[in-house]
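Please open the model in a viewer and keep the selection tool at hand. The stops below follow one another as a series of selections.

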Amino acid sequence: MANPPPQLSVGYSTTIIPSNQDAPTPRPDAKLIPAPPFASPAAPRFPPPPLSRPDQIPSPSMRTPTMPSPVNGIRAGSPAPHLSTPPGPPVFSSPLRPAAVPFRTSPATPQPVAFSSGSSLPTSSPPHFSNGSIELLREASDATEQSVPDPESPYVLFSAHKVLKQKKLANIPSLGFGALISPGREILPGPQIIQRDPHRCQSCGAYANLYCNILPGSGQWQCVICRSLNGSEGEYIASSKEELRNLPELSSPLVDYVQTGNKRPGFVPVSDSRMSAPIVLVVDECLDEPHLQHLQSSLHAFVDSLPPTTRIGIVLYGRTVSVYDFSEESIASADVLPGSKSPTQEALKALIYGTGIYLSPIHASLPVVHLIFSSLSPYKLNNPEASRDRCLGTAVEVALAIIQGPSAEMTRGVVKRIGGNSRVIVCSGGPNTYGPGSVPHSFNHPNYPHLEKTALKWMENLGCEAHRHNTVVDILCAGTCPVRVPVLQPLAKASGGVLILHDDFGEAFGVNLQRASTRAAGSHGLLEIRCSDNILITQVIGPGEEAHTDSHETFKNDTSLSIQMPSVEETQSFSVSMETRGDIKSDYVFFQFVIHFSNVYQADISRVITVRLPTVDSVSAYLDSVQDEVAAVLIAKRTLLRAKTFSDAIDMRATIDERVKDIASKFGSQMPKSKLYRFPKELSLLPELLFHLRRGPLLGGIVGHEDERSVLRNLFLNASFDLSLRMAAPRCLMHREGGTFEELPAHDLAMQSDAAVVLDHGTDVFIWLGAELAAQEGKSAAALAACRTLAEELTEMRFPAPRILAFKEGSSQARYFVSRLIPAHKDPPYEQEARFPQLRTLTTEQRTKLKSSFLHFDDPSFYEWMRSLKVLPP
């Protein structure tokens, strides 16, 4: 791009796919909602953010409807799009207009429909000659195009499957239009692989694809983005269009162009090659006895779970940095460096070139590693947790030096690349209060604001340095001591890592330790988005920052938006908001997304995803094509981007109210002789999803400490679609006889005393046992076991792993569960049944008993909230 667009701000995000997603089933009852484009103001600058990874695996014993996800992509326009980042150093400002959205509560997670490799789409039609000029014809006749649905891609989910032609209607910001892109998602079967150079448009840089017009006689093809005519060096010359179907890029909307080790001496085509990337544990030694015991158990289990070829290093930090030496076989031995300042080059040379072994394969050093963990001792002084000296910044610097080793002095071209990203995993129980990147123990320090600002910048620079050396820094915090999240977040974000809070160093911490180390990650990621001329990208939220023009190929008319990604993981996703530049005349608009990255086996991959969406004049047809859950997630991410503080979050609740009212007035119907509007029936799921978002942990008052809310916000802005949906709107499953589960709306009417209920809220999963059931020992044990199995199944691939809490009706912990359900018990019976039909199966006695079990509190029900907005529910 000759003239780079204004800076964009980007947030980071990740996505995981349930194991049975490759065989999705249609969901006939679910409606899909689009989000019209949201105009964004000037773009801010953003650094790379953290990632998180969600996954949901539906239980085999329950019905799991799925929502088809469209193939799509996003594109850049001439005006600079806006990329927005999650919270973190003040360096990033977020563009965006108010928006808010939750996700669908009761239905199963929507799952993208994988397209079959044998596409039924024809490729091209023979050329026609008229007056000596060539006319390019579509690959198939109009009739064929209308009868063959466009395949859907699991990597891109659009908020609507159609685009409105009228600019005025298409660009109504309350609904908005956009897409969620998951660049590193792992799908089985995967994309078709092509081991040759792609054909690209010489004007705009777009890739040849199945929607291009092709002249089989000459092999020329017309770009769908800029309409330029290009040659194919004879490769697309064929006797018929049927013949061209054999080329993967002309038959599938998703292909991977792969270059492997021929030009790359470092390529090791071994399935375990990624295991050569080392892991360095950076462990806080300022822990009290109970926390230390839990941490030791988690660390012992963690190293036992690692593949034998994994190289590991161990660094402890407090007031000093201890680097453990694996050369001693029967004793825990460490070299100690001061923590008050960054290590000098001389000190690092003495360490690296000395006789010690600081990175060693698990198979050679497992007994020593266990010995080291067993030798850890609790903090001995009387200082409060928050006042203990912790030189976390210096410790991470030392860990990076160990990973680089002697190669740090060699030129970059000589260093052999290891497979995938190296990892530094920090296990912390308190704030960084000593040495570089630290903040004072007390917020009352007279110079605290300045010192915090300095620390933020230093931590961000350290994260960028880690990223330059292909190292991801994950920070796993636990305990009750506030860790000063704003200071630590930039380190994780800039390196492509994640920061997670835990209640303690127990089970959930141990699981996340294992999942953090094993999740596959590509490196050197670059996302390019191209769209038809009439589509404009207004904002991007996700894990990356705007790419500089010298970091990727440029074409003379290339208007693509390019985003650099610190790492490419399946738990990430980008949220892209779009608008139309003017009224659309064409029948289709096109989007192309290209993700360039090096995978864990060091192959260079260019993943090309091309999407075609039809345009319509009818508002009703457009609303019918809206994907409720995708639209809700897009709105929620735009809203959370602006909710940097708790007071911002309160303001964002009001924007959700205004959004619902505006959608009703613009797309709904006005009631006769009344000022009331009815919310459009085509978007029946959307208002309830937004209501969950409004009252849940992301914007509501459920979360206690601001550190926790900040971490949830960062995680949400970078989370995959599946995890984002669950974080905004919980999924409620009631246990039934025989071990099956029935999916119900997340209303308090599910709290039936003879039942067990599982509530999946993304980062937390709750198991609630009714009092009547709990009194029956045998039945309650079986129900609890079934619920635990389901909870583990639902979260088997999710990162971060959620905490799973089980409790009985009436217990103090049950408030966590009750606060996340919509209080529908206050509504009249006909309204309850309209949104919670399962009530009709209860006897009069059971319903009376259920009604009498609720305590009164002031939270409005969904119907009461809608009535307060003067909007009638759909």
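Select strand 27 and strand 28 (residues 677-678): the two pair in the antiparallel sense over two bridges. Strands, like helices, are DSSP runs numbered from the N terminus (strands E, at least two residues; helices H or I, at least four), and two strands pair if DSSP finds at least two bridges between them. Within this pairing, Tyr677 in strand 28 is the bridge partner of Gln670. Add strand 34 to the selection, and an open sheet of three strands appears, in the order 27-28-34 and with mixed pairing. Strand 27 (669-670) and strand 34 (871-872) are its edge strands, each pairing on one side only.

Before going further, note that this is a predicted model, in which local features need pLDDT of at least 70, side-chain atom pairs count only at pLDDT 80 or more, and totals for chains, interfaces and linings use all residues. Residues are numbered from 1 along each chain as its sequence is written, and side-chain values use heavy atoms, with hydrogens and water left out.

**A five-stranded sheet**

Next, select strands 29 to 33, which form an open sheet in the order 30-29-31-32-33 with mixed pairing. Which strands stand at the edges? They are strand 30 (741-744) and strand 33 (803-808); each has a single partner strand, so one side of each lacks a neighbour in the sheet. From one strand to the next the twist averages 20°, taken between axes that are lines fitted to C-alpha atoms (for helices over the stretch in contact), with angles from 0 to 180 degrees between N-to-C directions. Strand 29 (residues 731-735) pairs with strand 30 in the antiparallel sense, over four bridges. To locate this pairing, display Cys732, which stands opposite Leu744 in strand 30.

**Salt bridges**

How many salt bridges does a search of the whole structure find? The search finds 34, a salt bridge being a side-chain nitrogen of Lys or Arg within 4 Å of a carboxyl oxygen of Asp or Glu.

Begin with Asp662 and Lys666, whose side chains meet in a salt bridge at 2.6 Å, N to O. Both belong to helix 13 (residues 646-667), where a spacing of four residues separates them by about one helical turn. Asp662 is partly exposed at 22% relative accessibility, and Lys666 is also partly exposed, at 43%. On this scale, buried means under 20% relative accessible area and exposed over 50%, with partly exposed in between (1.4 Å probe, protein chains only).

Then select Arg835 and Glu688, another salt bridge with 2.6 Å from N to O. Arg835 lies in helix 20 (residues 829-835) and Glu688 in helix 14 (residues 686-695), so this pair ties together parts that are 147 residues apart in sequence. Are the two residues buried or exposed? Both Arg835 and Glu688 are buried.

Move on to Lys849 and Glu772, whose closest N and O atoms are 2.2 Å apart in a salt bridge. Because Lys849 lies in helix 21 (residues 844-852) and Glu772 in helix 17 (residues 771-774), the pair ties together parts 77 residues apart in sequence. Lys849 is partly exposed at 47%, as is Glu772 at 31%.

Finally, display Arg200, Glu528, Arg530 and Asp558, which are linked in a network of salt bridges.

**Helix 10**

Select residues 507-518, which are helix 10: its twelve residues should span 16 Å at 1.5 Å a residue, and its end C-alpha atoms are 17 Å apart, which agrees. The expected span is 1.5 Å times one less than the number of residues. Colour the buried residues of helix 10, namely Phe509, Gly510, Asn512, Leu513, Ala516 and Ser517. They cover an arc of only 165° around the axis, which puts them on the same side of helix 10; the arc is that of the directions from the helix axis to the C-beta atoms.

**Strand 20 and its partners**

The last selection is strand 20 (residues 523-531), which is mostly covered, with eight of its nine residues buried. Strand 20 runs antiparallel to strand 25 (residues 588-598), and seven bridges join the two; here Ser523 stands opposite Ser598. Strand 20 also pairs with strand 23 (residues 561-565), in the antiparallel sense and over five bridges. In that pairing, Leu527 has Ile563 in strand 23 as its bridge partner.
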